[in-house]
Amino acid sequence: MKPTSKELTATQRMQPGVITLSGFLGSDTRALNEIIADDAAMLERLGHDPEELADRMEYFTRTSWSSYLDEELIEGKYKAQTDVYRGKLPCPYGHAGLYRKAITRLTNMQNGISVVWTSLNIHLIKAHCFFEGRGSAFRIEPETLVKALFE
Amino acid sequence: MFGTIIKDIAVLAGISGILAILLVIAERFLNDYGDCRININGKRDITIKGGNNLLASLGEKEIFLPSACGGRGSCGTCKCKITEGGGPLLPTEKPFLSKAELEDSIRLACQVKVKTDVFIQIPESIFNIRKYTSTITEIIDYTYDIKGITFKLEDGEEIDFKAGQYVQLISEPYAKMKQRVSRAYSISSKPEDRNSIQLIIRLVPEGICTTWVHNYLKVGDRVNFTGPYGDFYLRDTNADIIFVAGGSGKAPIKSILEHLAVVGIERKMTYFFGARTLKDLYLTDEMKAFEKIFPDFRYEPVLSQPESGDGWQGKTGYVMPYFKDAIRDPKNTEAYLCGSPGMINAVCNALTDLGVAKEKIYYDSFG
Ligand SMILES: Cc1cc2nc3c(=O)[nH]c(=O)nc-3n(C[C@H](O)[C@H](O)[C@H](O)COP(=O)(O)OP(=O)(O)OC[C@H]3O[C@@H](n4cnc5c(N)ncnc54)[C@H](O)[C@@H]3O)c2cc1C
Ligand code: FES
Ligand SMILES: [Zn+2]
């Protein structure tokens, strides 16, 4: 599938040093639309959709973000902690709006799976079904994420 | 047949070539806006070459509006009132402007192209914002992820700021980073040190500017910044003061306290610093030393998760339960907060529950 001009611009903004230090694509050699299509297919096989995942991530971020400093115990089996750094970042697709430099660490204590995401990741998943390229510092494997969020 | 195709292609190529040349010529003429005048606050005129955005045009004349995204239209901090000549509102501006701001002709300076004479209104304090070149004279490791860095201005240069304000540090290209970025950092030194400033910078995972500061900057390096910006500063009243900070939020409070140590103060002040563990505490002796300088001051570090080996004898848990003892008259108490949104939220709620007026709680939220 030929990339659209929007995807080409986004790919350019996802390079290291444009919006973030190491970019969003890691060492992945696939085109942006291929990365997204592969992850979308995997998500479908797992029986979930991006919006559902993003909403649950948002819930954990919101719940732990509003805590004073510490890890929150949520639903009796999740440990979540959100570190908020000052400042905000734009989406590489050029949407108006900014996303906090906030990092959420979630551990599902039942299966021991831990995942890390930023506020921008939530938007990238919800609006673009983009989990980042392999090798990217904030790449989240859809399968791991589903296990952490729903098992 | 083949000859006709070749001929058609040649004709088409010729037409496209001519069109392309015409376009380049038209572009040159159409985009040549000549000299444009920017009238500021009805008092001062500057003349710039039209065609650039307002933020950059003002920058050329050393007038620096705040900007946290380098003019990419993504931070909303370059707001400015344009009374005439701004052209129609752009879709890129709308999401950042409230209804009241839209009615008040507020625009994003980085999005407005200067094509004609423009009339703008900006706070007078903006004229005090300048670009400075400095040399790093000291780097202190305060904790495992927080450094204090001192920047000495070039000989003869002086900066005039209010304790609590911030500057925008401009990073230099390094490793894969080909561009400069500018990021806001509160000044942690006192305004009386006019020839240098100190910043307290926390390393952010995968952060462009903080990785540069923590891993690449060294004593002797030359660094640029602009400033001062911001309206977080101590109000001149007689009210008792509660300071609350966490992490790098200590920076503006340190500046305020160091300034007060110079000018003197009689007000009752209590400073709560919230951290997780002992290794997140820093500058404790320096803050405690203010207890001997001011007539009525207490510094209270509070650890929420002291580790068993820490040997921590001080206050534990959250800072909020300790407010009761520090507030003698909530009606005559002001609070200055600088920390994460979670901390600010919890602290604001606790203070208002105790009767401190919302309007007297000033904060520099990390949000
Ligand atoms: C008024 C004000 C005052 C401030 N004062 C201070 C101060 O005194 N001290 C201080 O330390 N800070 C201060 N800050 C914060 C500072 O301006 C910077 O925002 C902060 O240091 C981070 O900058 P950075 O360039 O290192 O991070 P950036 O590169 O801008 O952002 C890094 C963050 O982006 C996200 N990110 C990176 N890569 C990805 C990816 N691939 N996918 C998804 N997300 C990703 C992560 O959340 C990461 O942590 C202040 C901010 C403001 C607005
Ligand atoms: S400078 Fe960031 S929106 Fe204008
Ligand atoms: Zn987007």
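Which residue is the bridge partner of I140(B) in β7(B)? In this predicted model, the partner is G148(B). That pair is a handy way into chain B, so to speak, and the strands around it are a good place to start.

Strand β6 of chain B covers residues 130-141 and β7 covers residues 146-153; the two run antiparallel and are joined by seven bridges. Getting from β6(B) to β7(B) takes a hairpin of four residues. β6(B) also pairs with β11(B), residues 222-229, again in the antiparallel sense, this time over six bridges. If you want a spot to look at in that pairing, try K131(B), which sits opposite T226(B) of β11(B).

Now for the open sheet of chain B. Five strands make it up, and reading across you go β2-β1-β5-β3-β4, with mixed pairing. At the edges are β2 (44-49) and β4 (106-108), each of which pairs on one side only. Ignoring direction, neighbouring strands in this sheet are turned by 40° against each other on average. Inside the sheet, have a look at β3(B), residues 79-84, and β5(B), residues 118-121: they run antiparallel and three bridges join them. Here E84(B) stands opposite F119(B) of β5(B).

Next, the cysteines. How many disulfides does a search of the whole structure find over all chains? The count is zero. Just as a reminder, a disulfide is a covalent bond between the sulfur atoms of two cysteines. Take C80(B): the closest cysteine sulfur belongs to C78(B), and at 8.2 Å it is too far for a bond. The cut-off for a disulfide is 2.5 Å between the sulfur atoms, so C80(B) has no partner to bond with. C80(B) is also buried, because its relative accessibility is 3%, under the 20% limit. C209(B) counts as buried too, with a relative accessibility of 1%.

Over in chain A, there's a helix pair to look at. Helix α2(A), residues 32-46, packs against helix α5(A), residues 142-150, at an angle of about 35°, and their axes are 9 Å apart. The crossing of these two helices is right-handed. On the α2(A) side, the contact comes from D39(A), M42(A), L43(A) and L46(A), while α5(A) brings P142(A), E143(A) and V146(A). Sorted by class, that makes five nonpolar residues and two charged ones, with no polar residues in the contact of α2(A) with α5(A).

Terms used: Residues numbered from 1 in each chain as written. Chains lettered and ligands numbered in written order. Predicted model: local features only at pLDDT ≥ 70, side-chain atom pairs only at ≥ 80, totals over all residues. Heavy atoms only, no water. Buried < 20%, exposed > 50% of the residue type's maximum accessible area, 1.4 Å probe, protein only. Axes fitted to C-alpha atoms, helices over the stretch in contact; angles between N-to-C directions. Left-handed = near helix turned anticlockwise from the far one by under 90°. Contact = heavy atoms within 4.5 Å. Nonpolar A, V, L, I, M, F, W, Y, C, P; charged D, E, K, R; others polar. Pairing = 2+ DSSP bridges.
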